[in-house]
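Visitor: I'm new to this one. Could you walk me through how to read the place where two chains meet?

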Protein chains: 2
Amino acid sequence: MAAPKLGEFERIARFFAPLAAPEGLGLLDDVAIIPGPPGEQYVLKTDAIVEGVHFLPEDPADQVAQKLLRVNLSDLAGKGAVPVGYLLTTALPRERDEAWLERFAEGLARDQREFGIHLLGGDSVATTGPVTLSVAAVGRVRTGEAVLRAGARAGDAVFVSGTLGDGALGLSALRGELPELTPTQRDFLADRYRLPRPRLQLGRRLIGTARAMMDVSDGLIADLGHICEASGVSAVVEAARLPLSPAARAAIAADAARLGAALAGGDDYELLFTAPADAAAEIAAIARETAVPVTAIGRIERGKGVRVVDAQGAPIAVSDAGYRHF
Amino acid sequence: MAAPKLGEFERIARFFAPLAAPEGLGLLDDVAIIPGPPGEQYVLKTDAIVEGVHFLPEDPADQVAQKLLRVNLSDLAGKGAVPVGYLLTTALPRERDEAWLERFAEGLARDQREFGIHLLGGDSVATTGPVTLSVAAVGRVRTGEAVLRAGARAGDAVFVSGTLGDGALGLSALRGELPELTPTQRDFLADRYRLPRPRLQLGRRLIGTARAMMDVSDGLIADLGHICEASGVSAVVEAARLPLSPAARAAIAADAARLGAALAGGDDYELLFTAPADAAAEIAAIARETAVPVTAIGRIERGKGVRVVDAQGAPIAVSDAGYRHF
């Protein structure tokens, strides 16, 4: 067989977008929206995680369960939706023991309490490969209030919640690649990789203020690119304004190429949104109320694509491997 | 790690049932039901298939796609629901080429047209293991009309659509285990394994007539056991009345133990339901209208469990491996 030539997004566009219903939003958004009870719509989202890719074989099973739920809850947060329930599919090796499953269920139970969501049903199959876990999450919004990717306009400011790069650096830390950090710093980053914090309250409060929104799971540049594509605009990100945790700052101080984790790393599960520039004070108030920091990192312009500039306005080239100045 | 001691159903009961919302029907049904637009409810179902278990590596990709969709549509049929849309999760090896994906998408497109369902969204991940495909299907019913597992009553007759055992025998044929059959018979059975026929029209027409219903995917005995458990009743199946295709009949004539495929084999995706005994004429009329044969195979009684009896009323013991007389 010939080797695959297309990336994930090209494959979706070529093979799957033609199959999508109007409710699937042309697969340009990360969710589908269907009519719900009077005055409401359901937001549907499915996200899978694979052992060795999205979590490590030695990760505690309860945290794996929590990550599985939270990556889906984060997508609901990115639309301003309230969680309703979820379907669970587990593909486990036959020899996986019950102690693992019990701890996995404990993690689900803990997050069900924390986020007010319940299991609706599921399927369990056996696999000879790595553990593969999939959730289809159902959320709800008032009709027409879901914040889509397609609403960004030239002149909007670009905002992000929390800090960026911790997820990718956390995976590096778990792989022993950040020896110069303190154990406390490494633990902080590893925890950020293992346990995303879905920004559900913030997402809901941004309804009516944010024009376009999604969660950052593929990396800032890729995800901002999704917003630009769906909205027919371009974006400029000022690298110097990226919000960084003290641990990420220390990692980048030791090796500047690690700024790539904040620009192109995945697994941060923060909210990325655009809003009119004059909404900054309102957004700051919402950030205080929900106790989640929000930072303006750039602006939306006409055109196509995402550019990153340094403090002097000079362009920075970003690749998956990191970044470099021209 | 200790070896697993519990079967799939015990695992669900112990670890997952405590996590279920009321809408999850205690996980005793195979679907969840949530409120929809006025007068309607949504029926939600997820089912996964794994290469080497539910389909074979050499199976054409378009038929794999169709099987994936159809096993989920069959669950909607088992509730009397009308298909609305589906979310798709694919876990593929990185080296899987685009020709495979293109043919896979063709199979989805074909069945979308045939069954009036559309893609709503999805996720694609890479795996180092076998291809793992999961669908979360959304159907709709008028409020309160979904036919659940829990409605069977002592005195009901037990009915099944189509023929039983073809799916399991089809897998045997593909493995070269049925050399005494003609190529035409083997092809018939292989096609039944590869391409389930979800009985959507029949399922809808049985609303108001069937008291309990589901599709047969785990095997007749196991699935009738699910209805009995959810309904608090027992069932008797008369082995001599099981509907068999000519090909299955030929396979069983060559080796009587293969009757086990009809009793305990999976992958038939026919409808299994109970109805008052005096509804037989009405059910025969529905079967004619929808052009799907329906056969009475037993009855519901008080008590627990499923018994199989031969033409003389003597008990037959059934195991996964086949069956034997006492």
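Visitor: How many residue pairs are in polar contact between chain B and chain A?

Guide: Keep in mind that this is a predicted model. There are 6 such pairs between chain B and chain A, with both residues at pLDDT 80 or more. Salt bridges are a separate tally, and between these two chains that count is 0.

Visitor: Which elements of chain B give two or more residues to the side that touches chain A?

Guide: Go along the chain and you'll meet helix 1 (8-16), strand 1 (32-35), strand 2 (40-50), strand 3 (82-92), helix 3 (98-115), strand 4 (118-126) and strand 5 (132-142). Strand 4 of chain B gives the largest share, 9 residues. As for character, that side of chain B has 38 nonpolar, 15 polar and 13 charged residues.

Visitor: What area is buried between chain B and chain A?

Guide: It's about 5300 Å², and carbon and sulfur atoms give 66% of that. On chain B's part, B:Leu19, B:Glu98 and B:Leu120 supply 13% of the area buried against chain A, more than any other three residues. In terms of contacts, 66 residues of chain B touch 65 residues of chain A.

Visitor: What rotation superposes chain B on chain A?

Guide: A turn of 180° does it, with 0.0 Å of shift along the axis and an RMSD of 0.0 Å. That is how a two-fold axis relates copies. To find the axis from chain B, look for B:Gly129: its C-alpha is the nearest in that chain, 1.9 Å away.

Visitor: Why do we say the copies meet through the same surface?

Guide: Because 98% of chain B's interface residues are interface residues in chain A too.

How values were computed: Residues numbered from 1 in each chain as written. Chains lettered and ligands numbered in written order. Predicted model: local features only at pLDDT ≥ 70, side-chain atom pairs only at ≥ 80, totals over all residues. Heavy atoms only, no water. Contact = heavy atoms within 4.5 Å. Buried area = accessible area lost by both parts, 1.4 Å probe. Salt bridge = Lys/Arg side-chain N within 4 Å of Asp/Glu carboxyl O. Polar contact = N/O pair within 3.5 Å; in protein donor to acceptor, adjacent residues only side chain to side chain. Helix = DSSP H or I, 4+ residues; strand = E, 2+ residues; numbered from the N terminus. Nonpolar A, V, L, I, M, F, W, Y, C, P; charged D, E, K, R; others polar. Least-squares fit on C-alpha atoms with pLDDT ≥ 70 in both.
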